[in-house]
Amino acid sequence: MASDPKVHIFEEVANHNKTKDCWLIISGKVYDVTPFMDDHPGGDEVLLSATGKDATDDFEDVGHSDSAREMMEKYYIGEIDPKTVPAKRTYIPPQQTPYNPDKTPEFVIKILQFLVPLLILGLAIAVRHYTKKE
């Protein structure tokens, strides 16, 4: 590592998000993992999904070995300017209309199963009533 590491801004690092050009931010450090894409045990998709954000949590959640952490040193290219990293956004679920069980297809079928026999019974009674010989 150089004695005076280069400081990168977030937008610059986020632009390196392709298989042939992949940079990651882990624990405030920037790593060019492009040469490691084919060798990563989880595949290149895992690394690509960690681009464009602070990948520290993703990296730590996996529980990488000490040898993996040592291997990272050869991919180190500098530090990230913490002022340029966007604040973590909390997940806000999309607004959904409240569940109304009266509008489900199952409800419609149940209503029809009740009403159709009543309609048939009513028709049978009406036909019998009007065709009855007196």
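In this predicted model, the lining of the largest pocket draws at least two residues from each of four elements, namely strand β3 and the helices α2 (44-49), α3 (56-62) and α4 (66-71). Beside this pocket, the briefing covers an open sheet of five strands, two aromatic pairs and a loop residue, S27, with a positive phi.

**The largest pocket**

- The volume of the largest pocket is about 390 Å³, and its lining consists of 20 residues, with F36, H40, L47, F59 and H64 lying nearest the centre.
- Sorted by class, the lining of this pocket comprises 16 nonpolar, three polar and one charged residues.

**The sheet**

- The five strands follow the order β1-β5-β4-β3-β2 in an open sheet whose pairing is mixed; because β1 and β2 (17-18) stand at the edges with a single partner strand each, one side of each is left without a neighbour in the sheet.
- Strand β1 (residues 7-8) runs parallel to strand β5 (residues 76-80), with two bridges between them, and V7 has E79 of β5 as its bridge partner.
- Strand β4 (residues 29-32) pairs with β5 in the antiparallel sense over three bridges, and here Y31 stands opposite Y76.
- Strand β3 (residues 21-26) is likewise paired with β4 in the antiparallel sense, over four bridges, and L24 has Y31 of β4 as its bridge partner.

**Aromatic pairs**

- Two aromatic pairs are found in a search of the whole structure, and one of them is the edge-to-face pair of Y31 and Y76, with 6.0 Å from centre to centre and 70° between the planes.
- Since Y31 belongs to strand β4 and Y76 to strand β5, this pair ties together parts that are 45 residues apart in sequence.
- Y31 is buried, having a relative accessible area of 9%, and Y76 also counts as buried, at 13% relative accessibility.
- F36 and Y75 form a tilted aromatic pair, with 5.7 Å from centre to centre and 40° between the planes.
- This pair links distant parts of the chain, as F36 lies in the loop between β4 and α2 and Y75 in the loop between α4 and β5, 39 residues apart; both F36 and Y75 are buried.

**The loop residue S27**

- Most residues other than glycine have a negative phi.
- S27, which is not a glycine, nevertheless has a positive phi of about 55°, and this residue is found in the loop between β3 and β4.
- S27 counts as partly exposed, because its relative accessibility is 47%, a value that falls between the 20% limit for buried and the 50% limit for exposed.

Terms used: Residues numbered from 1 in each chain as written. Predicted model: local features only at pLDDT ≥ 70, side-chain atom pairs only at ≥ 80, totals over all residues. Heavy atoms only, no water. Pairing = 2+ DSSP bridges. 1 Å grid on protein atoms, 1.4 Å probe; cavity = no way out; pocket = protein on both sides within 12 Å on 5 of 7 lines; lining within 4 Å. Points joined across faces, edges and corners; volume = space filled by probe spheres on them. Nonpolar A, V, L, I, M, F, W, Y, C, P; charged D, E, K, R; others polar. Buried < 20%, exposed > 50% of the residue type's maximum accessible area, 1.4 Å probe, protein only. Phe/Tyr/Trp six-rings, centres within 6.5 Å; stacked < 30°, edge-to-face > 60°.
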